[in-house]
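Biologist: Could you take me through one part of this model up close? I'd like to hear about a core residue and what sits around it, then how the rest fits in.

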Amino acid sequence: SIFIKDDSAKLEPTHKNPLKDITSIVKTAFTTPMLRRRIFAFAIAREMTHGIIWVATPLFLKAGVPMSLVSFVWAGNTLMAILGAHLASKYGKRLSDSALLAVPIILMTASTLIMGLNLNIVTVWFYGLMGITQGWTAATMSPMVQHYAKASEQTSILSLTKMLAQLLYIPVVWIIGYAADIELTYGLLTTTAIF
């Protein structure tokens with residue numbers, strides 16, 4: 001990587017006070033409607049699989065997956081994420097931005113509803129749809145945001161976007177965890193309700 005030449009556009013400071021530059025980026029992000037909508041789409045798409053991850057191992061165990069195989073299930077889910085990224089690279093270019101977001105919402109909803117309504121050793125494998133969702137969103141959401149940002153502002157806009165996703169994650173993981181504490185499958189149904 002030391003031989004890679006970075007020839008990307010750089011964001012040059014326009015104020016002596018860096019807080020003014022930060023404020024300017026935030027203002028650009030939220031006053032440009034096309035960009036603003038995609039920033040929120042990114043946050044939703046990223047976090048729809050993030051909050052449920054904390055109850056995944058208990059879900060596998062409750063469904064009857066032996067403890068000795070749980071790590072293999074996690075490895076399998078990572079393979080599903082790779083598959084999701086591959087599918088996104090193959091088919092994502094043909095889809096509109098709203099369709100790019102619809103795909104993970106449909107997959108996540110199918111996964112959480114099926115497992116939430118009837119969790120067993122067969123339906124728990126629908127958790128793999130969450131892996132596909134993860135890979136799909138990782139491959140499609142950042143380019144979607146970058147497309148609507150100036151080249152020199154893309155890194156800053158993506159940083160702001162990821163920060164907003166984390167701010168969404170904080171209450172979401174608390175709510176999902178709270179629901180799962182009442183009944184494990186409520187975590188799945190709460191994920192469906194939120195997203």
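Modeller: Let's start with isoleucine 52. This is a predicted model, so take everything here as computed. Skipping its neighbours within four places in sequence, isoleucine 52 is in contact with Tyr127, Met130, Ile176, Gly187, Leu188 and Thr191. Ile52 belongs to the largest nonpolar core, a set of 22 residues, and it is listed with Phe60, Val124 and Tyr127 as having the most contacts inside that core. At least two core residues come from each of helix H3 (56-63), helix H4 (70-91), helix H5 (97-117), helix H7 (154-182) and helix H8 (184-194). H3 is the top contributor, with four residues. There's also a second core, separate from this one, with 21 residues, including Ile25, Phe42, Val145 and Ala165.

Now follow Phe60, another of the well-connected residues in the largest core. Phenylalanine 60 has a relative accessibility of 2%, so it counts as buried, the cut-off being under 20%. A search of the whole structure turns up four aromatic pairs. One of them joins phenylalanine 30 and phenylalanine 40: the ring centres are 6.0 Å apart and the planes sit at 40 degrees, a tilted arrangement. Phenylalanine 30 is in helix H1 (residues 18-31) and phenylalanine 40 is in helix H2 (residues 33-47), so this pair ties together parts 10 residues apart in sequence. Both rings are partly exposed: phenylalanine 30 has a relative accessible area of 24%, and phenylalanine 40 has 41%.

Phe60 has an aromatic partner too. Its ring and that of tryptophan 74 have centres 5.9 Å apart with planes at 75 degrees, so the pair is edge-to-face. With phenylalanine 60 in helix H3 and tryptophan 74 in helix H4, the pair links parts that are 14 residues apart in sequence. Tryptophan 74 is partly exposed, at 26% relative accessibility. Add Tyr127 and you have one aromatic cluster of Phe60, Trp74 and Tyr127. That brings us back to the start, since Tyr127 is one of the contacts of isoleucine 52.

Tyr127 also turns up around serine 111. That serine lies in helix H5, and at 0% relative accessibility it counts as buried. Leaving out neighbours within four places in sequence, its contacts are Phe126, Tyr127, Leu129 and Met130. Tyr127 and Met130 are on the contact list of isoleucine 52 as well.

Next along the chain is glycine 128, which is found in helix H6. It is buried, with a relative accessible area of 11%. Beyond its neighbours within four places in sequence, glycine 128 is in contact with Asn77 and Met80. Its C-alpha atom is 8.9 Å from that of leucine 79, even though the two are 49 residues apart along the chain.

H6 itself deserves a look. With 20 residues (128-147) at 1.5 Å a residue, it should span 28 Å, and its end C-alpha atoms are 29 Å apart, which agrees. There is a bend of about 30 degrees in H6 at threonine 137. Of the 20 residues in H6, 14 are buried, so the helix is largely enclosed by the rest of the structure.

Over in helix H8, take threonine 185. Threonine 185 is buried, at 10% relative accessible area. Apart from neighbours within four places in sequence, threonine 185 is in contact with Met115, Gly116 and Leu119. H8 is also one of the helices that supply at least two residues to the largest core.

There's a charge-and-ring arrangement to look at as well: the charged end of arginine 38 sits over the ring of tyrosine 148, 4.3 Å from its centre.

Stepping back to the whole chain, you have eight helices and zero strands. The C-alpha trace spans about 60 × 35 × 35 Å along its principal axes. Of the 195 residues, 39% are buried. Looking at contacts between residues at least 6 apart in sequence, 74% join residues at least 24 apart. The glycine 128 contacts with Asn77 and Met80 are a good place to see a helix meeting a distant stretch of the chain.

Terms used:
Residues are numbered from 1 along each chain as its sequence is written. This is a predicted model: local features need pLDDT of at least 70, side-chain atom pairs count only at pLDDT 80 or more; totals for chains, interfaces and linings use all residues. Side-chain values use heavy atoms; hydrogens and water are left out. A nonpolar core is a set of buried Ala, Val, Leu, Ile, Met, Phe, Trp, Tyr and Cys residues joined through side-chain atoms within 4.5 Å. Buried means under 20% relative accessible area, exposed over 50%, partly exposed in between (1.4 Å probe, protein chains only). Contact means heavy atoms within 4.5 Å. The expected span of a helix is 1.5 Å times one less than its number of residues. The bend at a residue is the angle between axes fitted to the seven residues ending there and the seven starting there. Rings of Phe, Tyr and Trp (its six-membered ring) pair if their centres lie within 6.5 Å; planes under 30 degrees apart count as stacked, over 60 as edge-to-face and the rest as tilted. A charge sits over a ring if NZ of Lys or CZ of Arg is within 6 Å of the ring centre and within 35 degrees of the ring normal.
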